[in-house]
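User: Could you take a close look at the sheet for me, and at the pockets around it? I'd like one connected walk through that part.

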Amino acid sequence: MRNLILLLPFLIGCWSRTHHSLDHNCKKVDRLVQELISEKLALGVSYGIMVGDSLIMSESYGLAQLEPVVPLSVESSFRIASVTKSFTATAIMQLIESDKISLDTPIESFLPDYPNASRITIYHLLSHTSGIPNWWIGGMPEDEPTNFPMCKTPHKYLARMETPSLFEPGKQYDYSNSGYVLLGEILEHISEQSYEAYLAEHIFQPAGMTHTEMEYQENSQANWAWGYGWNPEQEQPFVGPEPFSSGMPFSAGGLRSTIPDLLKFSTALLEGKLVSQATLDKMMQYSTLNSGEPGFTNLYLPEGHIRRFPPQTRNWGYGLGFEIAEKFGKKVISHGGDIMGYNAFFMYLPHNDIRFVILSNTEGGIMHKLLDMERALIAIEQAPSIP
């Protein structure tokens with residue numbers, strides 16, 4: 001008892017510093033978000049911060065539409081672009097847990113005529129180590145449909161790219177939207193459901209997500225945030241709005257969602273409602289190459305290109321549906337998304353159990369301040385436990 005009494009001042013001090021750190025750094029994030037609006041770097045921004053099961057902050061600033069003026073709300077719906085890949089990967093891992101497929105399954109089981117189909121596996125597609133280039137780089141055939149990749153069989157066009165492969169499967173790491181389009185098509189083949197129908201039944205409903213859907217739906221939601229481009233050379237820098245249906249990249253980046261729904265997704269994932277803890281651990285670990293080394297050790301770079309990473313960032317690689325890096329000395333699990341008119345970012349910090357989601361209806365709108373936001377949240381201490 002005497003030892004506990006002696007420890008109490010120390011423990012109280014630890015809790016006080018932790019609570020101060022949480023409050024101070026979350027308010028710093030809020031100030032940075034407001035600066036995005038006041039400095040005309042973004043038309044609208046919504047964000048949410050959770051620590052464990054608790055929602056700490058959730059705010060929105062700016063506009064959902066410029067003309068006529070429509071204020072943004074936390075319930076506003078945005079295109080989330082490549083954050084969609086985390087949903088696609090989760091769906092594929094569910095099929096793996098159901099023994100309908102494995103990480104080692106070659107894609108020739110579903111796409112037999114695809115180049116290298118006997119050597120490219122589900123694991124390669126999930127981890128961006130397949131060697132398949134993005135379609136706008138690979139050189140699409142002349143008969144590419146205007147709704148690609150929302151056509152019925154996108155693999156048939158990807159298979160006829162001028163450059164169908166950049167490297168031997170598993171040899172290097174190179175981010176591939178094309179690979180995630182193939183995963184969506186494979187998901188539909190195995191489940192005998194459309195991509196959006198599968199996600200609705202197996203992810204959205206179990207997670208309690210009621211405002212997430214494929215964004216090519218004919219009728220946009222009433223709380224839609226219209227997307228804008230950004231031109232800093234103009235007095236009014238916001239260009240647009242962009243039609244909500246333009247450029248829908250299917251399972252590589254086609255979802256639209258809200259801050260509350262994305263936080264529900266993260267909660268359902270971490271609580272084991274969507275996949276098992278063992279599966280989630282695998283998704284949030286660095287994927288490996290044929291050499292056994294993490295993907296970030298052998299990045300594919302076209303001749304003459306140099307890849308630069310933000311300050312205080314090391315070992316930027318990929319797991320299975322999530323980006324993984326060491327930032328400011330801590331492991332960061334995240335996924336960003338950029339698409340015409342929109343910018344999205346999700347982050348999970350295992351060391352202090354923080355989740356952060358931020359959405360903007362301006363191209364690149366959050367990037368100007370994102371590193372500072374990450375720094376503030378990473379710096380929050382983990383609360384000590386009382387013995």
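Analyst:
**The sheet and the pockets**

Let's start with one pair: Gly-317 sits opposite Ile-324 in S10. Bear in mind that this is a predicted model. That pair belongs to the contact between strand S9 (residues 313–318) and S10, which run antiparallel and share 4 bridges. The hairpin these two strands make has 4 residues between them, and Gly-321 has a positive phi there, near 100°.

Now zoom out to the whole sheet. It's an open one with 8 strands, and going across you meet them in the order S3-S2-S1-S13-S12-S11-S10-S9, with antiparallel pairing. Strand S3 (70–71) and S9 are the edges, each pairing on one side only. So our starting hairpin puts one of its strands, S9, at an edge of the sheet. Further in, S12 is joined to strand S13 (residues 354–360) by 7 bridges, again in the antiparallel sense. In that contact, Leu-349 stands opposite Ile-354 in S13. In general, side chains along a regular strand alternate between the two faces of a sheet.

What about the pockets? The largest pocket has a volume of about 820 Å³, and 35 residues line it. Nearest its centre are Tyr-175, Glu-323, Gly-336, Gly-337 and Asp-338. Several sheet strands take part: strand S10 (323–327), strand S11 (330–339) and strand S12 (342–349) are among the elements that each supply at least two lining residues. Helix H4 (135–138) and helix H10 (367–378) do so as well. By class, the lining of the largest pocket comes to 22 nonpolar, 7 polar and 6 charged residues.

The second largest pocket holds about 240 Å³ of space. Tyr-175 turns up in the lining here too, having been listed among the residues nearest the centre of the largest pocket. Alongside Tyr-175, the second largest pocket is lined by Pro-133, Asn-134, Ile-137, Leu-166, Asp-174, Tyr-300, Pro-302 and Arg-307. That lining divides into 6 nonpolar, 1 polar and 2 charged residues.

One last stop is helix H6 (residues 177–191). At 1.5 Å a residue, its 15 residues should span 21 Å, and the end C-alpha atoms are indeed 21 Å apart, which agrees. Of those 15 residues, 13 are buried, so H6 is largely enclosed by the rest of the structure. Buried here means under 20% relative accessible area. Just after H6, Glu-192 takes a positive phi of about 60°.

Technical notes
Residues numbered from 1 in each chain as written. Predicted model: local features only at pLDDT ≥ 70, side-chain atom pairs only at ≥ 80, totals over all residues. Heavy atoms only, no water. 1 Å grid on protein atoms, 1.4 Å probe; cavity = no way out; pocket = protein on both sides within 12 Å on 5 of 7 lines; lining within 4 Å. Points joined across faces, edges and corners; volume = space filled by probe spheres on them. Nonpolar A, V, L, I, M, F, W, Y, C, P; charged D, E, K, R; others polar. Pairing = 2+ DSSP bridges. Expected span 1.5 Å × (residues − 1). Buried < 20%, exposed > 50% of the residue type's maximum accessible area, 1.4 Å probe, protein only.
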